[in-house]
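Subject: A structure for you to look at

Hi,

Here is the structure I promised to send you. Please open it and keep it beside you while you read my notes below.

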Amino acid sequence: MKKMKKIFTVSTLRGLLSIILFVVLWQLVVFAKVPYLENLPYPKDVAVHGVEAVQSKTYWLNWEISLIRVFVGFIAAQVIGIPFGLAMGASKVFRDFTFSAFEMLRPVPPIAWIPLAILFWPTRELSIYFLVFVGAFFIVVINVLQGVSNISVSLKWAASSLGARPKDVFWKIMVPGSLPSIITGMTVGMGVTWNVLIAAEMIAGQGGLGRMTWEAYTNHNIPLIVVGMVSIGVAGYLCSMAIRWLGEQAMPWKKRF
Amino acid sequence: MTTHDKIEGAISIRKVTKIYDPEGARVMAMKDCSFEMGAGEFTIIVGPSGCGKTTLLNAIAGFDTITSGEILLDGDTISSSLKQIKPNVDRMVVFQNGALFPWKTVIENITYGPVVQDRMKKSAAAELAKGMLHQVGLGEIGDKYPEELSSGVQRRVEILRALINQPKVVMLDEPFRGLDAVAKTVMHEFLMEVFCASPRTMFFITHDLDEAIFLGHKVVIMTTRPAQVKKIVPVALPWPREHHIMNSREYLELKQEVLEAVHEEAKKAFEAGERELA
């Protein structure tokens, strides 16, 4: 990169302001004792608990546990899902054999897999990896498949006129051509992954940010519930940022703003 | 690189018929279409929209089959109902909507052919491509991606990507559609320049009659679907041509002749319920 990006642009300042406004509004709601929201803690209480949490080892252990679960399940979904989607897009025979079954399983919400996952996998961790995997897998596959079918036929024809063999068309046209859809699939899949992970941790997990939040509830520690929620938000945001960064590295031809 | 002792690339289209979906809807795109394109001849194809011009191009390029008839390249059958020679570097296509690879830079696009065929090393091909770009005044754009370029420049790059392979035949499907009149004149001069530098058989589909007469050795006017040859108008204007010839009497008379033939077919097509005019 030749030039550093400016950090304090008007746009980032507005972004900061939006967070400050949100906190102010929150303060007002609690202060005014809006009905049904009386139990909401003040931002200050949450901040105090937050600062406490950040200094404890268990808090960071929970981060680590959740991130490892996301990482394992998500990577597995990519490693299996991307080739699966490409194969479905490239081969009509393979698509005919797999698509109907795939489309029947796809609408099943990942959370509905929880009972089976707990019953079938020997350890709790494996069940959670599997659930995270399910959350991302279907989204990845459907995006790759769509990406492959959106590649214009003239690109394939142009390549074969230029002397590309079928394997070149696959590796040099289909794969890079579906890359934007793969990245989209990853971005959406990452969001779903966190959804599923938190639900799975609350029900079946040991440790992790979801479990931490749930335990705060059972201990009736409302500020810590909010700390847990904010932590999950930040973790999800960081993961999305990582995917966006990955996308920019993988697709230098896409103009970014 | 070899010098052209003899220009190759004569194409002969003999009684070519193409029926899409023969089991079902039976859409006849071409019926007994026959004409010749000499080696090194710049042939222009005009005709009503949807008449089957692109069908013919796809058949010559090897993208699609024909139902009956025969297409020959330098005397060898490249397409018939029995056989279909695959797309090959001897017949290059420049597509209607552009088909540069968005994920490759200009240099990577141009060198794709020689590199994928293992004909040249990447670095040698890149040098050659740089030279070609420089020669046509596009020396600065080698490392840019297609999306960063105007459509006129994209088209020129795509034509260079075809030419680096030294094809016998270059087929262009309305390559300058959507460009404004000024950009078009630049494209015409560019095409004229590269054609004169090394003449080869050109198959050029267009709706722009000025373009047709300005660039062509002959203009083949197709009928409305199913496509047949309605009329062939030879253009005997001297080469290389410059834009002021568009005011000459000879030019205007030719244009009138082509226009009348095209108009007749366009009217038929319109009456047959076709939406777009030529």
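Let's start at a single pair of residues: B:Val46 in strand E3 of chain B has B:Ile221 in E9(B) as its bridge partner. Before going further, please remember that this is a predicted model.

**The strand E3(B) and its neighbours**

Strand E9 (residues 218-222) and E3(B) run parallel and are joined by 4 bridges. E3(B) is also joined by 4 bridges to strand E8 (residues 201-205) of chain B, again in the parallel sense. There, B:Ile44 is partnered with B:Phe204. E3(B) itself covers residues 42-46, and 5 of its 5 residues are buried. Which way do they point? B:Phe42, B:Ile44 and B:Val46 go one way, B:Thr43 and B:Ile45 go the other, and all are buried.

**A strand with two unlike faces**

Now look at strand E4 (residues 68-73) of chain B. In a regular strand the side chains alternate between the two faces of the sheet. In E4(B), B:Gly69, B:Ile71 and B:Leu73 point to one face and are buried, whereas B:Ser68, B:Glu70 and B:Leu72 point to the other and are not. E4(B) pairs with strand E1 (residues 11-20) of chain B in the antiparallel sense, over 5 bridges, and B:Arg14 stands opposite B:Glu70. Strand E5 (residues 76-80) of chain B also runs antiparallel to E4(B), with 4 bridges between them; B:Leu72 has B:Thr77 as its bridge partner there. E4(B) and E5(B) form a hairpin with 2 residues between them, and B:Asp74 in the turn has a positive phi of about 50 degrees.

**A helix with a buried side**

Helix H5 of chain B (residues 181-197) is 17 residues in length. Which of its residues are buried? Among them are B:Met187, B:Leu191 and B:Val194. The buried residues of H5(B) fall within an arc of 70 degrees seen down its axis, so they line one face of the helix. They pack against helix H4 (151-163) and helix H6 (209-215) of chain B. On the other side of H5(B), B:Ala181, B:Val182, B:Cys196 and B:Ala197 are exposed.

**The largest core**

Finally, the largest nonpolar core has 128 residues, and A:Leu131, A:Val132 and B:Met171 have the most contacts inside it. Helix H6 (residues 124-150) of chain A gives the largest share, 17 residues. Domain 1 (11-90 + 171-271) and domain 2 (100-166) of chain B both contribute residues, so the core lies between them. If you click on A:Val132, you can look for the residues it touches, including A:Arg69, A:Phe74 and A:Leu197.

Enjoy exploring!

Methods
Residues are numbered from 1 along each chain as its sequence is written. Chains are lettered from A and ligands numbered from 1 in the order in which they are written. This is a predicted model: local features need pLDDT of at least 70, side-chain atom pairs count only at pLDDT 80 or more; totals for chains, interfaces and linings use all residues. A residue is buried if 20 or more other C-beta atoms lie within 10 Å of its own, exposed if 12 or fewer, and partly exposed in between; C-beta atoms are placed from the backbone. Two strands pair if DSSP finds at least two bridges between them. The expected span of a helix is 1.5 Å times one less than its number of residues. The arc is that of the directions from the helix axis to the C-beta atoms. Two residues are in contact if their C-beta atoms, placed from the backbone, lie within 7 Å. A nonpolar core is a set of buried Ala, Val, Leu, Ile, Met, Phe, Trp, Tyr and Cys residues joined through C-beta atoms within 7 Å. Domain bounds come from an automatic or database domain assignment. Lists of a residue's contacts leave out its neighbours within four places in sequence.
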